Amino acid sequence: MIHIGCHLSISKGFYKAVQEALSIDANTFQFFTRNPRGGNAKDLDLEDIKKLNELMKQNHFAPILAHAPYTMNLCSSKPDIREFAKNMLKDDLERLKYIPNSLYNFHPGSHTGQGVEKSIEQIIDALNETITNDTETWILLETMSGKGTEVGRSFEEMKQIIDRVQYNKIGLCLDSCHLYSSGYDIVNDLDGVIEEIDQRIGIDRVKAFHLNDSKHELGSNKDRHELIGKGKIGLEAIVNIITHPKLSHIPFILETPNDVEGHGEEIKMLKYSLSAD
């Protein structure tokens, strides 16, 4: 079974989000753990979460993806921002203990001028301070497009982080737009890209995939998502990703510039393309 969903609001609760996912024929979804620009998280409603889990089980949902706010920068050059990010990470992981069948995704961060090497050290330190032997949730580094001072633009940078985190709870969330923009040719050499991930990091570490077309060319280092089939990656390449034998079991999340109804149309288009094959 292929699992496809999109980003949904949980402002009205998780149960409502699952119902909304089902209304567009989705069987997974992504949500922000708190306001994407940071701030405090809302109290969890345990009864709502109980209903969430029941409905997900009934409809054979894949793991859902919790996305950290964009302000969480574990490698800022400013110590107070790093401390703020670390506290946010700890709080999010504590809250996710109550949401089974969930994954946690975050952008590795921006080095803000201090260089990649030092920033990678800071990310590793923060993760080792936060992740314990009791951590149940898989924490996913999202592959980035390489704009500005972003960390995580290459598999080598991701490998440096993953190899030095003490506990085995670190994986990857791939992003089609980001991969393409950072120079990985998923259109003409998807097998080669997958093989490189497997050789460098291990394909078993890939736990989720953001599906986006790209407004810009291969290697542009520009993070501009486009509707599926409307950009430089194209529908055929996206379908090849979804059906790749080493990826087809993971949740795929649409992050295209669309509303929920539009994401439903994209899901319908993708499923039609899968059935046509």
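Me: What puts glutamate 83 and lysine 86 about one turn of the helix apart?

Reply: Both lie in helix H3 (a DSSP run of H or I, at least four residues, numbered from the N terminus), and they are 3 residues apart. An α-helix has 3.6 residues a turn, so residues three or four places apart point the same way. This is a predicted model: local features need pLDDT of at least 70, side-chain atom pairs count only at pLDDT 80 or more, and totals for chains, interfaces and linings use all residues. Residues are numbered from 1 along each chain as its sequence is written, and side-chain values use heavy atoms, without hydrogens and water.

Me: Why is the contact between glutamate 83 and lysine 86 called a salt bridge?

Reply: The term requires a side-chain nitrogen of Lys or Arg within 4 Å of a carboxyl oxygen of Asp or Glu. Here the N to O distance is 3.7 Å, so the pair qualifies. Both residues also belong to a salt-bridge network with Lys90 and Glu129.

Me: What makes lysine 86 buried or exposed?

Reply: Buried means under 20% relative accessible area, exposed over 50%, partly exposed in between (1.4 Å probe, protein chains only). Lysine 86 has 14%, so it is buried. Glutamate 83, at 38%, is partly exposed.

Me: Why does the pair of aspartate 92 and arginine 34 tie together separate parts of the sequence?

Reply: Aspartate 92 lies in helix H3 and arginine 34 in the loop between strand E2 and helix H2, so the linked parts are 58 residues apart in sequence. Their closest N and O atoms are 2.6 Å apart. Aspartate 92 is buried at 1%, and arginine 34 is buried at 10%.

How values were computed:
Helix = DSSP H or I, 4+ residues; strand = E, 2+ residues; numbered from the N terminus.
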